[in-house]
Amino acid sequence: MFLALSCKPSGCFHQESWVFCSFGGGVSIGASSNTTIFEDFPRSVGFPSPMKRLRTSGTVSPDCIDRLPNDVLIKILDLLPAKNAVAMSVLSQRWRNLWKHMTNIDIRPDGFGQERDKIVDFICSVVKNHEAEKIKKFCVSVCYSTSILHHVSSWLSFAMKKDVEELSLDLNPENSSLKYGRFHIPQFLRGCLELTNVKLKFVELDYLSPPFPATLKQLLLERIVLPEDGVEKVTSHCRQLEKLFLVNCSRKSDLHVIIDPECNQLDLVIQEEVTMVKGNTKLHISASRINSIEFVSALPRRYYEVNVEVVVGVKFILDRMSYAREATKVTSMGLLGRHYSDNFRQLLNHFQIAEQLVLSSWCVQVLAVEFLFQPQVKTHQANHLMLESGLKHLEFEGICSILAACSHLKSLSIVLSMSPEYQELRYNDSYIRLHANLRVRLFEKAEDANSEVLKCSQNLAVLEFRNFSGEYQTWEDQEFDESKFFKGTDWGSPLLLDLKKNLFRNLNKIIYVTSKKRYEVNVDSSAEKSLDSWTALQDSKPWIDYFRSLPDEVKMSSVRFTEFLPSGPRTYYSYPRRLLDAEANELP
């Protein structure tokens, strides 16, 4: 038998420990036998018919895959969508029934067209003919209507009888506006004691008696209307819950997230889109103690109320704020959508006690804008800080302000945003001019070279830069080139030089990470302390390149020029003119 397989995954989305995989394309099959498709499945589903023997000029070892034991072959099938796994039954007599023993059943609408009946018939056939005693994962995605209500109930009953561990039910995969009622999750799922992970989308729940076992570990709810005490009922019943994802829930009304005090090791993730959630609503969060809280995509609501006494980690992964025009446009008065920046600063200030802090590039840019108008910095207790930034010159104050706030910092990671999708705030000309003038005069009166930022240098030991999207991902057998690593940034190398030489006195390790390699540098603290970082900075090529990028009115604005470096304000004289002279003399 000759066999040729080609499996092409179309995409994958990963978030923390929740993994959502969508495999498109298909399986290209060539077989010498004239086997027929499994007779229990309708032809309308569209399985590939047996192909003719493929021609090849090379020598192929026959039956190489058939030599593998059945357990290995079943594990291979578990990695495929159920549609493609069933299609493998045409290969040979041995493959005919292997799919019936799969432990992962993942049924998506890809490849079934727009007809709901095809995918419904396929799911029913899989449920009817499955023979394994237990399944680990059962995922179904189909557009719901009242005509398939009894089918959905039978699918869930099948999963419960098979002691399913992970259940995913998506009844609105196209995110359409369905006018009819939603499916009501039955109570018999409470008896599925093996169930640890549940993902539900576009369904209804009974919150007086949540339809989940008390041993549930992870729960994702998407586009579900939650009553005021809905989350409290769930967390009081599932006290072993470790992760709770709320994705675009209560889109047209206020969202109340009240965590039961006994559920104190919870990781809470709130993901909301500007285009999905009404802006004139409120988000209320109340908890005595949670492990971490994460705000994903955007902050679309008008009001945010938080009452959390203890939290270990806070993440602001606001990478889709660009869908709100007012959240990205900056004028001489600040961010056009003032309530977006105010809500972010309010949330950030509330979580001052968090030990771990993660900020996306939008947050860094907003902090830079806010810092120009209100330079005061509030202290944060973060020991570990991760920032996403393109290291552009308009982000400079944002980096400095958050470093100044974190006086107990032990590790700092900067993730470079080098991809074409990197979204900067849109600054008009009036803000550019104002930024240049304010930046020059901001620390003109400062006499001490050590700014508030220097406080964060006392405990910092590890500085890490991550660049997963730039051109410089590997250097093979060559030496690591720092300038290539920071290519595309405005002040990557000058920032690093100042941090190493003057700011972080106890720094002992610098790490550079790409998608393919990792490079570590051990810092000699005694040698670094003896060098004058500003002397090295002012003559460095990257620093000169940075000043070249500034507007002409900044270069020529004043004989006295003050620049706010992470290590403090530096005042010098006639530097803009000396910079022009350096350019004329073609200094390296």
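In this account a surface patch is made of residues with over 30% relative accessible area and no salt bridge, with like charges joined when they lie within 9 Å and nonpolar side chains when they lie within 5 Å. The model to which this rule is applied is a predicted one, and in it Glu-228, Asp-229, Glu-232 and Asp-254 form a negative surface patch. One of these residues, Glu-228, is located in the loop that runs between β9 (218-222) and α5 (230-237), and Glu-228 counts as exposed because its relative accessibility is 53%, where the cut-off for that class is over 50%.

A patch of another kind is nonpolar: Leu-68, Val-72 and Ile-76 form it on the surface, and together they have about 200 Å² of accessible area. Ile-76 has its place in helix α1, which covers residues 70-78, and with a relative accessibility of 36% Ile-76 counts as partly exposed.

It helps to set these local features against the whole protein. The protein contains 16 helices and 25 strands, and 53% of its 588 residues count as buried. Among the contacts with a separation of 6 or more, 70% are made by residues that stand 24 or more positions apart. The accessible surface comes to about 26,700 Å², and 48% of that surface belongs to carbon and sulfur atoms.

Helix α8, formed by residues 396-405, is mostly covered, since 10 of its 10 residues fall under the 20% cut-off for buried. The buried residues of α8 include the nonpolar side chains of Phe-396, Ile-399, Ile-402 and Leu-403, and Glu-397 is also among the buried residues of this helix.

The charged pairs can be followed next. Side chains of opposite charge can pair when their charged atoms come close. With a salt bridge taken as a side-chain nitrogen of Lys or Arg within 4 Å of a carboxyl oxygen of Asp or Glu, the count comes to 19. In one of them Arg-108 is joined to Asp-106, with 2.8 Å between the closest N and O atoms; Arg-108 counts as partly exposed at 23% relative accessibility, whereas Asp-106 counts as buried at 9%.

Which side chain of opposite charge is nearest to Lys-137? It is Asp-106, at a distance of 4.5 Å, and Lys-137 is buried yet has no salt bridge. Lys-137 lies in strand β4, which spans residues 137-141. When its neighbours within four places in sequence are left aside, Lys-137 is in contact with Thr-103, Asn-104, Ile-105, Val-164 and Glu-166.

A further salt bridge brings together the side chains of Glu-165 and Lys-134, at 3.5 Å from N to O. Because Glu-165 lies in the loop between α4 (149-161) and β5 (166-170), and Lys-134 in the loop between α3 (116-129) and β4, the pair ties together parts that are 31 residues apart in sequence. Both partners count as partly exposed, Glu-165 at 27% relative accessibility and Lys-134 at 35%.

The side chains of Glu-222 and Lys-201 also meet in a salt bridge, here at 3.7 Å from N to O. This pair links distant parts of the chain, for Glu-222 belongs to strand β9 and Lys-201 to strand β7, and the two are 21 residues apart. Glu-222 is buried with a relative accessible area of 19%, and Lys-201 is buried with a relative accessible area of 6%. Elsewhere, salt bridges that share partners join Glu-464, Arg-466, Lys-509, Arg-518 and Glu-520 into one network.

The backbone has features of its own to examine. Most residues other than glycine have a negative phi. Phe-202, however, has a positive phi, near 60°. Phe-202 lies in the loop between β7 (197-201) and β8 (203-204), and with a relative accessible area of 3% Phe-202 is buried. Ser-297 likewise has a positive phi, near 75°, but the place of Ser-297 is in strand β13, which covers residues 282-297. Ser-297 is buried, with a relative accessible area of 3%.

Conventions:
Residues numbered from 1 in each chain as written. Predicted model: local features only at pLDDT ≥ 70, side-chain atom pairs only at ≥ 80, totals over all residues. Heavy atoms only, no water. Areas by Shrake-Rupley, 256 points an atom, 1.4 Å probe, with all protein chains shown as cover. Lys, Arg positive; Asp, Glu negative; His and termini not counted. Charge placed at Lys NZ, Arg CZ, Asp CG, Glu CD. Helix = DSSP H or I, 4+ residues; strand = E, 2+ residues; numbered from the N terminus. Buried < 20%, exposed > 50% of the residue type's maximum accessible area, 1.4 Å probe, protein only. Contact = heavy atoms within 4.5 Å.
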